[in-house]
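Please examine the sequence and the three-dimensional model shown below. The paragraphs that follow lead from a single pair of residues to the wider arrangement of the chains.

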Amino acid sequence: MDNYVYFGKRSHFSCLANTSGNLQKSDALTVANFGIVPADFTAATATEEAQGYEMFIHTGEANASTRGTALTALGDVVTGLVKAGNAGAKATTIIGDVTRLKFDTVGVGTGVLTVANFGADGTDGYLIDATDQWIIREKIGSTNNALSDVPAINQAVCLNMANFISADPVDTATAVTIGVGILNGAVVEIDQTRLSFKSVKGDATNDTILLTHKSGAYKDVMIAMEELANGAYHRQGKGYYTFTDLMSGKTTLWENRLGIIGCSMQVQAV
Amino acid sequence: MNQNKNFLYSANGDDAISATMEALMFPATAITGMFGASLTTTNVSIQATTGANDNNHQMLITHASGKNKEVMNAVTKLANSAGPFTVISAFPVGGPELFPINNLDGSILVTNIAITA
């Protein structure tokens, strides 16, 4: 008898803003850091559900003439507050703001997101500051078949813990800035841990799970893996054990305990 | 020596089982992983009986739409049952194909299991 554990994907990515000619661009989403990379998209009106993910800017420096009126009207992602005042005040950001971006002004090309700046679009644009941070995560309620809506490899996997090999911390810092995410209504520092398993396919390349969790939870993730590998869950007749299934909208014990906000995977195609 | 292993058995194709992969019996611990392949199919990987370090066998289960999680759960329950010879699907001579896996969850409605080497 073996313990089988279910990992459901909800990709999460965070990076420090770029500079100069790349100021309005994010770092690239890749298979390694995001699992399934969203398809290219030219900025146009679209819902987050249809695209399957949502994008935020965490403000690192207060700036005037930064945020489009439509973005301000959405309210801060964390506090929910809609900034009051005249047009100038609404376009001004302060440190710690978390602004939701709209696809009207965001395009995606080979995993790189590009947002129109405020000067070009005072309604939906956003002028990035080099100290800002991007947060990109899958949308619960996504209807994007390619990312999560229709089951396919790398969207979820149930693994035999007898094939677990190792857990390894991943550095989430970009330059000297630690990665961030949104957990329980607050911006928090995040860390990531990569779990390795013998390939489901049976080839020489291991399958990996990338977990995004609250800062400093590396060791706790590893302890969890030990418990899942050596525990007696298989004797309870309940089937597999759900470690994380964020897209379901429910919260598992481990998501709550470890502050898990992201999970993506690289499973070799069979 | 009694190893108390649980072995799983699955048959598909026709009732005159004779060809490679028309039926497969394997230790439950040989299942390496499972994932939804589409809304109506779930893939179960099984360590290759050839001993090769690649190309595990694949068991593709066809089921009711959207029941991937439930199917994976049912397979896990079968794998962790007392055994020692647990039938997932069978094809009695002269009879229709049977799917005892459906007894674990009435909603999954498994209608086919195809095994590939």
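A useful starting point is T212(A), which stands opposite G262(A) in β14(A). The model is a predicted one. The pair just named belongs to a wider match between two strands, since β12(A) and β14(A) pair in the antiparallel sense over 5 bridges. Strands of a sheet pair through backbone hydrogen bonds, and the pairing may be parallel or antiparallel.

Strand β12(A) also pairs with β11(A): the two run antiparallel and are joined by 8 bridges. Within this pairing, I190(A) has K214(A) of β12(A) as its bridge partner. Is strand β12 of chain A enclosed or open to its surroundings? It spans residues 207-214, and 6 of these 8 residues are buried, so the strand is largely enclosed by the rest of the structure. A residue counts as buried here if 20 or more other C-beta atoms lie within 10 Å of its own.

From these strands the view may be widened to the whole of chain A. This chain has 7 helices and 14 strands. Of its 270 residues, 46% are buried. Its C-alpha atoms fill a box of roughly 65 × 30 × 30 Å, taken along the principal axes. For a compact globule of 270 residues, a radius of gyration near 18 Å would be expected; the value for chain A is 19 Å, which agrees. Contacts along the chain can also be considered by their separation in sequence. Among the contacts in chain A with a separation of 6 or more, 74% are between residues 24 or more positions apart.

Chain A is divided into two domains: domain 1 comprises 4-9 together with 150-266, while domain 2 comprises 12-141. The centres of these two domains of chain A, taken over C-alpha atoms, are separated by 27 Å. Where they meet, 22 residues of domain 1 of chain A are in contact with 17 residues of domain 2 of chain A. On the domain 1 side, the elements that give two or more residues are β10 (180-183), β11 (186-197) and β14 (262-266) of chain A. Of these, β14(A) gives the most, with 4 residues. By class, this side of domain 1 has 9 nonpolar, 12 polar and 1 charged residues. Strand β14(A) therefore appears in two settings, because it contributes to this side of domain 1 and also pairs with β12(A), a strand that is largely enclosed by the rest of the structure.

A backbone detail in chain A also deserves attention. Most residues other than glycine have a negative phi. S20(A), however, has a positive phi, near 55 degrees, and is not a glycine. This residue lies in the loop between β2 (12-16) and α1 (31-34) of chain A. Is S20(A) buried or exposed? With 6 other C-beta atoms within 10 Å, S20(A) is exposed.

The next subject is the contact between the chains. It takes 28 residues from chain A and 25 residues from chain B. On the chain B side, β3 (31-38), β4 (41-46) and α1 (68-79) each supply at least two residues. The element that gives the most to this side is β3(B), with 8 residues. The residues of this side of chain B divide into 7 nonpolar, 16 polar and 2 charged. Strand pairing also crosses from one chain to the other: strand β8 of chain A, residues 156-160, pairs with β3(B) in the antiparallel sense over 2 bridges. In this pairing, the bridge partner of L159(A) is G33(B).

Within chain B, an open sheet of 3 strands has the order β2-β1-β6, with mixed pairing. Its edges are formed by β2 (23-27) and β6 (85-89) of chain B, each with a single partner strand, so one side of each is left without a neighbour in the sheet. From one strand to the next, the twist averages 20 degrees. Strand β1 of chain B, residues 7-11, pairs with β2(B) in the antiparallel sense over 5 bridges. One of these bridges links F7(B) with P27(B) of β2(B).

Chain B, too, has a residue with positive phi that is not a glycine: L109(B), at about 50 degrees. L109(B) is placed in the loop between β6 and β7 (112-116) of chain B. With 16 C-beta neighbours inside 10 Å, L109(B) counts as partly exposed.

Definitions and conventions: Residues are numbered from 1 along each chain as its sequence is written. Chains are lettered from A and ligands numbered from 1 in the order in which they are written. This is a predicted model: local features need pLDDT of at least 70, side-chain atom pairs count only at pLDDT 80 or more; totals for chains, interfaces and linings use all residues. Two strands pair if DSSP finds at least two bridges between them. Axes are lines fitted to C-alpha atoms, for helices over the stretch in contact, and angles run from 0 to 180 degrees between N-to-C directions. The radius of gyration is taken over C-alpha atoms; the globule rule is 2.2 Å times the number of residues to the power 0.38. A residue is buried if 20 or more other C-beta atoms lie within 10 Å of its own, exposed if 12 or fewer, and partly exposed in between; C-beta atoms are placed from the backbone. Two residues are in contact if their C-beta atoms, placed from the backbone, lie within 7 Å. Ala, Val, Leu, Ile, Met, Phe, Trp, Tyr, Cys and Pro count as nonpolar, Asp, Glu, Lys and Arg as charged, and the others, Gly among them, as polar. Domain bounds come from an automatic or database domain assignment.
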